[in-house]
Amino acid sequence: MFEYLSQHLWLVWIIISMLCLIIELGSGDFFVTCFALGALVAMISALVDLPIWLQVIIFAVGSVLSIVFIRPPLLHALHASGETRASNAEALIGRKGTVVETIHANGSGYVQIDGDVWKAVSSDLSQIESGERVRVIKMDSIIVTVEPCL
């Protein structure tokens, strides 16, 4: 098998490129894609029967060039809308929920937001009764600060 692969190095570069693309599916930042492009350039050099040491250099140069010249436009196109997508706790700010356990004055209670229950305090330290609709205005660790919806 090693003899076959040594005679068909272009196939090795294709396999490396495919593995890089599969790994990229997990990251999504186009960094590993640049190595896949470098492997494709090295595959072309293997097809013209260049020595392995030169193929490795071509792979490295092709990868670096794609990181420098191809990745930035791809990232720019991905974020072209200008909107930053909130993630994790930041995604809760501005969301509305329902008080499931009364939020006591100068105390806490519980709020349900999209099926998840969060410990909550009132923004003005007033009491908010169970069943009222509230909006998240701040997040401190695992405690949300809410205000009643008008």
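Guide: A quick definition before we start: the domain bounds used here come from an automatic or database domain assignment. Also, this is a predicted model.

Visitor: Fine. What domains is the protein chain divided into?

Guide: Domain 1 takes in residues 1–81, and domain 2 takes in 87–148.

Visitor: And how far apart do the C-alpha centres of the two domains lie?

Guide: They lie 49 Å apart.

Visitor: Where is confidence lowest and where is it highest in the protein chain?

Guide: Helix 1, residues 2–7, is the low point with a mean pLDDT of 77, while helix 4, residues 52–69, is the high point at 96. For the chain overall, the mean is 89, with 94% of residues at 70 or more.

Visitor: Which residues does the UniProt "transmembrane region" annotation cover?

Guide: According to the UniProt record, which is an unreviewed entry, residues 6–23 and 52–70.

Visitor: How much helix and how much strand is there in residues 6–23?

Guide: That span is 94% helix and 0% strand, and its end C-alpha atoms are 25 Å apart. For residues 52–70 the model gives 95% helix and 0% strand, with the end C-alpha atoms 25 Å apart.

Visitor: Switching topic: how many disulfides does a search of the whole structure find?

Guide: Zero. A disulfide is a covalent bond between the sulfur atoms of two cysteines.

Visitor: Why no bond for Cys-34?

Guide: Because the closest cysteine sulfur, in Cys-20, is 10 Å from the sulfur of Cys-34, too far for a bond.

Visitor: Is Cys-34 buried or exposed?

Guide: Cys-34 is buried, with a relative accessibility of 1%. Cys-149, at 24%, counts as partly exposed.

Visitor: Now the strands. How do strand 1 and strand 2 run, and how many bridges join them?

Guide: Antiparallel, with three bridges. Glu-101 stands opposite Tyr-110 of strand 2.

Visitor: What else does strand 1 pair with?

Guide: Strand 1, residues 96–101, also pairs with strand 4, residues 133–140, again antiparallel and over three bridges. There, Lys-96 faces Arg-135 in strand 4.

Visitor: How many bridges join strand 2 to strand 3?

Guide: Five, and those two strands run antiparallel. One pair to look at is Val-111, which stands opposite Trp-118 in strand 3.

Visitor: Which side chains of strand 2 point to which face?

Guide: They alternate: Gly-109, Val-111 and Ile-113 point to one face and are buried, whereas Tyr-110 and Gln-112 point to the other face and are not buried.

Visitor: What's in the hairpin of strand 2 and strand 3?

Guide: Two residues sit between the strands, and Asp-114 takes a positive phi near 50°.

Visitor: And the hairpin of strand 4 and strand 5?

Guide: That one has two residues between its strands too, and here Ser-141 takes the positive phi, near 60°. Six bridges join strand 4 to strand 5, residues 143–148, in an antiparallel arrangement. Val-136 has Val-146 of strand 5 as its bridge partner.

Visitor: Which loop holds Asn-106?

Guide: The loop between strand 1 and strand 2. Asn-106 isn't a glycine, yet its phi is positive, about 55°. The residue counts as exposed, at 65% relative accessibility.

Visitor: What about phi of Leu-125?

Guide: Phi of Leu-125 is near 60°, a positive value in a residue other than glycine. Leu-125 is in the loop between strand 3 and strand 4, and is partly exposed with a relative accessible area of 47%.

Visitor: Back to the loop between strand 1 and strand 2: is Thr-102 buried or exposed?

Guide: Buried, at 16% relative accessibility. The cut-off for buried is under 20%, so Thr-102 makes it in.

Visitor: What does the side chain of Thr-102 reach?

Guide: The backbone nitrogen of Ser-130, at 3.4 Å.

Visitor: Last one: where is Ser-122, and what does its side chain reach?

Guide: Ser-122 is in strand 3, residues 116–122. Its side chain reaches the backbone oxygen of Ser-126 at 3.3 Å. With a relative accessibility of 4%, Ser-122 is buried.

How values were computed:
Residues numbered from 1 in each chain as written. Predicted model: local features only at pLDDT ≥ 70, side-chain atom pairs only at ≥ 80, totals over all residues. Heavy atoms only, no water. Pairing = 2+ DSSP bridges. Helix = DSSP H or I, 4+ residues; strand = E, 2+ residues; numbered from the N terminus. UniProt positions renumbered as here; feature names shortened; annotations may be inferred. Disulfide = S-S within 2.5 Å. Buried < 20%, exposed > 50% of the residue type's maximum accessible area, 1.4 Å probe, protein only. pLDDT = per-residue confidence, 0-100. Polar contact = N/O pair within 3.5 Å; in protein donor to acceptor, adjacent residues only side chain to side chain.
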